[in-house]
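Me: I would like to understand how the labels used for a protein structure are earned, step by step. Could we go through some of them together?

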Amino acid sequence: MSKKPIFTILFISWMVFVTFSSLYSFEDTSVPDIQIPHLDKIVHFGFYFVAAVLGFFSFRSRLKSGTSISKMITGLLLFLIVFGIIIEGIQHRYTTTRAGDVFDALANTIGAFIGVLTAKTIFSSKKRLNWE
């Protein structure tokens, strides 16, 4: 099993990006106002979908032999769900320009589940990707 840290670096970098994007106020920036219904939920889903896929790759590349993939997936999902809830709580409690939302946390959770399922499917198919 390869111990190259690329997936871990990508996963950590992505989580820093998600944290920054979730807590930074974009009010005073020249970001275009796009009018797509529920776009923020799609963005939350996408953030956590990518986080789950990168996290899966990161954890998978670092698994010790004998560690079950089910434990890895459970740990990753638990981490991402709790992380998303904490970010929503911080938005609600400590920011003045962002609002915590239960439906954002739900979109985060669904994105994490679908991301893990997607990554697991890729590695359990007949034409599996080779980790070496």
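Reply: Let us begin with one cut-off, since a residue is called buried when its relative accessible area is under 20%, exposed when that area is over 50%, and partly exposed in between. Please keep in mind that this is a predicted model.

Me: Why is Phe-11 called buried?

Reply: Phe-11 has a relative accessible area of 7%, and because buried means under 20%, the label follows.

Me: What makes Phe-59 partly exposed?

Reply: The relative accessible area of Phe-59 is 28%, which lies between the limits of 20% and 50%, so Phe-59 is partly exposed.

Me: Why is the aromatic pair of Phe-11 and Phe-59 called edge-to-face?

Reply: The structure holds 10 aromatic pairs, and in this one the centres are 6.0 Å apart, with 80° between the planes. Rings pair if their centres lie within 6.5 Å, and planes over 60 degrees apart count as edge-to-face, so both conditions are met here. The pair also links distant parts of the chain, for Phe-11 lies in helix α1 and Phe-59 in helix α2, 48 residues apart.

Me: Why is the pair of Phe-79 and Phe-83 called tilted instead?

Reply: Their ring centres are 5.7 Å apart and their planes stand at 35°; because stacked needs under 30 degrees and edge-to-face over 60, this angle falls into the remaining class, tilted. Both residues lie in helix α3, 4 residues apart, which is about one turn of the helix. Ring pairs link Phe-11, Phe-59, Phe-79 and Phe-83 into a cluster.

Me: How do you know that Ser-22 is buried?

Reply: Ser-22, which lies in helix α1, has a relative accessibility of 5%, and since the cut-off is 20%, Ser-22 counts as buried. Leaving aside neighbours within four places in sequence, Ser-22 is in contact with Ile-87, Gln-91 and Arg-98.

Me: Which residues touch the most other members of the largest nonpolar core?

Reply: They are Tyr-48, Phe-56 and Leu-80, in a core of 23 residues. Helices α1, α2, α3 and α4 each give two or more residues to this core, and the largest share, 8 residues, comes from α2.

Me: What makes Leu-106 partly exposed?

Reply: Leu-106, found in helix α4, has a relative accessible area of 44%, and because this is over 20% but not over 50%, Leu-106 is partly exposed. Leu-106 is one of the residues of a nonpolar patch on the surface, which together have about 640 Å² of accessible area, and α4 gives the most to that patch, with 6 residues.

Notes. Residues are numbered from 1 along each chain as its sequence is written. This is a predicted model: local features need pLDDT of at least 70, side-chain atom pairs count only at pLDDT 80 or more; totals for chains, interfaces and linings use all residues. Side-chain values use heavy atoms; hydrogens and water are left out. Buried means under 20% relative accessible area, exposed over 50%, partly exposed in between (1.4 Å probe, protein chains only). Contact means heavy atoms within 4.5 Å. A nonpolar core is a set of buried Ala, Val, Leu, Ile, Met, Phe, Trp, Tyr and Cys residues joined through side-chain atoms within 4.5 Å. Patches are made of residues with over 30% relative accessible area and no salt bridge: like charges are joined within 9 Å, nonpolar side chains (Val, Leu, Ile, Met, Phe, Trp, Tyr) within 5 Å. Accessible areas come from the Shrake-Rupley method with a 1.4 Å probe; for residues, only the protein chains shown count as cover. A salt bridge is a side-chain nitrogen of Lys or Arg within 4 Å of a carboxyl oxygen of Asp or Glu.
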